[in-house]
Amino acid sequence: MTTPYGAELTDVTVRYGRRTDEAALDHVSFTVRPGTITGLLGRNGAGKSTALSLLASLRRPTSGTVLVNGVDPFEDAVVMAGVQLVRESGDILGDTSINETLGYYDELRPHWDGDYARALLDQFDVDPRTTPAKLSRGKKSALGCIVGLASRAPLTIFDESYLGMDAPSRYAFYDALLDDYTDHPRTIVVSSHLIEEVERLFEDVVMLHRGRTLVSETADALRNRAVSVVGPSSAVSKLADDHRVLATRNLGGTTQLTLEGSLEPAEIALARDAGIEIARVSIQDLFIHLSQEPDPMKEDAR
Amino acid sequence: MFDGPEPIYIQIADQIRAQIVSGDLPEESQVMSTTQYATTFRINPATAAKAFAILVDEGLIEKRRGLGMFVAVGAHDRLVKERRDTYLERVFRPAVEQADLLGIPRSELIAYLDEHPETLPAPRVAEGETR
């Protein structure tokens, strides 16, 4: 039985170049609760991969603390045996047969399940006798995902691992992930910019933007941050008096507003009477709104 | 599925309540497991578990150790009673308001009900369409 690992970044800064260069992570803090599927979302260059490489102990932060299962993971063999990072590159020996590679993982990962790995290879149509170098991009991505799942590591990290896969294979991967996660609970971090596809998988969400933490909370709390209302322009604009408007779309007599916060029961009743339709805002749309907010600290620095 | 304005776990709970009322989930029948919900609708298992927790709190479903979740005895009657109590205000009144708005006289509504004392006929096909 696996005990899921939690992870925590506290005030972490990572600089790759000189001190004057912009930091890849700039005083970032977030928590990954043990046993959750946590989504790590952000635009390209937001710092997702840097943050994940800290959890997998591929590097140390310039400053700040990284904890995995309560300890600094760097060069800690016991904790690191329980952390599996899958990157899109696969991190797999290109010219070694897949069968041999699976043998390495069997020795490396205490919870490795070889039978499960073989079943997945079969499902994703990857021939274990071949070498990854001979595989298509999609199959190579699938192989990385298979290694990630079959490791059953207490902290398993998929860093955009499945981007090379086509849509049917990605959905097959999500299904396998949910299936195996319910049977073998563990902590899973999934980073992606295909937010719409994966947002329902998440219990918690961390959003990074330009090297900073934008959000670190439950997916339900995040979804309560905004609400969408559509209806006759005059009625809709009244709702805007008590809420900050994040986005407006006019459709000739009809207006769609994205409002910050959630509506009070009395507001919901009034809105329904006025023919206003209330809808949830997807995490994808929230992410777009939140990452467009001006950053006061950055503005000051200029 | 589950694209409404409420959180997904509220929508799942609503769906199960509706299935209990309609008889699709009879009393003492087994409810889909958290795992089945999660994989069928591609949602986080904790989301499905939250829906079940609400229904267990309401006494509509019960957990049988090692077996799963089952519809509680009396769940159907209780839900039907609750819905009857609010039917006139929540369902019938808006329908009458619509009729008023469209200028359909009350006498026509009453006549419609009188014509079909037992069951309602199949919905009428709009004019110009062929069956």
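A:Tyr116, A:Ala117, A:Leu120 and A:Leu121 in helix H4(A) meet A:Ile146, A:Leu149 and A:Ala150 in helix H5(A). Contact here requires C-beta atoms, placed from the backbone, within 7 Å. Helices (H or I, at least four residues) and strands (E, at least two) are DSSP runs, numbered from the N terminus. This is a predicted model, in which local features need pLDDT of at least 70, side-chain atom pairs count only at pLDDT 80 or more, and totals for chains, interfaces and linings use all residues. Residues are numbered from 1 along each chain as its sequence is written, while chains are lettered from A and ligands numbered from 1 in the order in which they are written.

**The H4(A)/H5(A) pair**

H4 (residues 114-123) and H5 (residues 137-151) of chain A pack at about 150 degrees, with axes 9 Å apart. Axes are lines fitted to C-alpha atoms, for helices over the stretch in contact, and angles run from 0 to 180 degrees between N-to-C directions. H4(A) is therefore roughly antiparallel to H5(A). The angle classes are roughly parallel (under 35 degrees), roughly antiparallel (over 145), roughly perpendicular (65 to 115) and oblique (the rest). The contact of H4(A) with H5(A) divides into seven nonpolar, no polar and no charged residues. Nonpolar covers Ala, Val, Leu, Ile, Met, Phe, Trp, Tyr, Cys and Pro; charged covers Asp, Glu, Lys and Arg; the others, Gly among them, are polar. The crossing of H4(A) and H5(A) is right-handed. A crossing is right-handed if the near helix is turned clockwise from the far one by less than a right angle, and left-handed if anticlockwise.

**The H1(B)/H3(B) pair**

In chain B, helix H1 (residues 8-22) packs on helix H3 (residues 45-57) at about 50 degrees, with axes 8 Å apart. H1(B) is therefore oblique to H3(B). Their crossing is right-handed. H1(B) contributes B:Ile8, B:Tyr9, B:Ile12, B:Ala13 and B:Ile16; H3(B) contributes B:Thr47, B:Ala48, B:Lys50, B:Ala51, B:Ile54 and B:Leu55. By class, that contact has nine nonpolar, one polar and one charged residues.

**Between the chains**

The contact takes 15 residues from chain A and twelve from chain B. On the side of chain A that touches chain B, helix H6 (167-183), helix H8 (219-223) and strand S13 (277-280) each supply at least two residues. H6(A) gives the largest share, five residues. By class, this side of chain A has seven nonpolar, one polar and seven charged residues.

H6(A) also pairs with helix H2 (residues 34-41) of chain B: their axes come within 9 Å and cross at roughly 170 degrees. H6(A) is therefore roughly antiparallel to H2(B). A:Asp175, A:Leu178, A:Asp179 and A:Thr182 of H6(A) touch B:Thr34, B:Thr35, B:Ala38 and B:Thr39 of H2(B). The residues of this helix contact divide into two nonpolar, four polar and two charged.

**Domains**

Domain bounds come from an automatic or database domain assignment. Centres are taken over C-alpha atoms.

| Chain | Domain 1 | Domain 2 | Distance between centres |
|---|---|---|---|
| Chain A | residues 7-221 | residues 226-280 | 39 Å |
| Chain B | residues 8-75 | residues 80-115 | 31 Å |

**Confidence**

pLDDT is the predictor's confidence in each residue, from 0 to 100. Chain A averages a pLDDT of 89, and 95% of its residues score at least 70. Chain B averages 88, with 93% of residues at least 70. The model scores ipTM 0.78 and pTM 0.84.

Where does pLDDT stay under 50 in chain A? It does so over residues 298-302, for which the model has one contact beyond four places in sequence. Where pLDDT is low, the predicted coordinates should not be read in detail.

Conventions. Contact = placed C-beta atoms within 7 Å.
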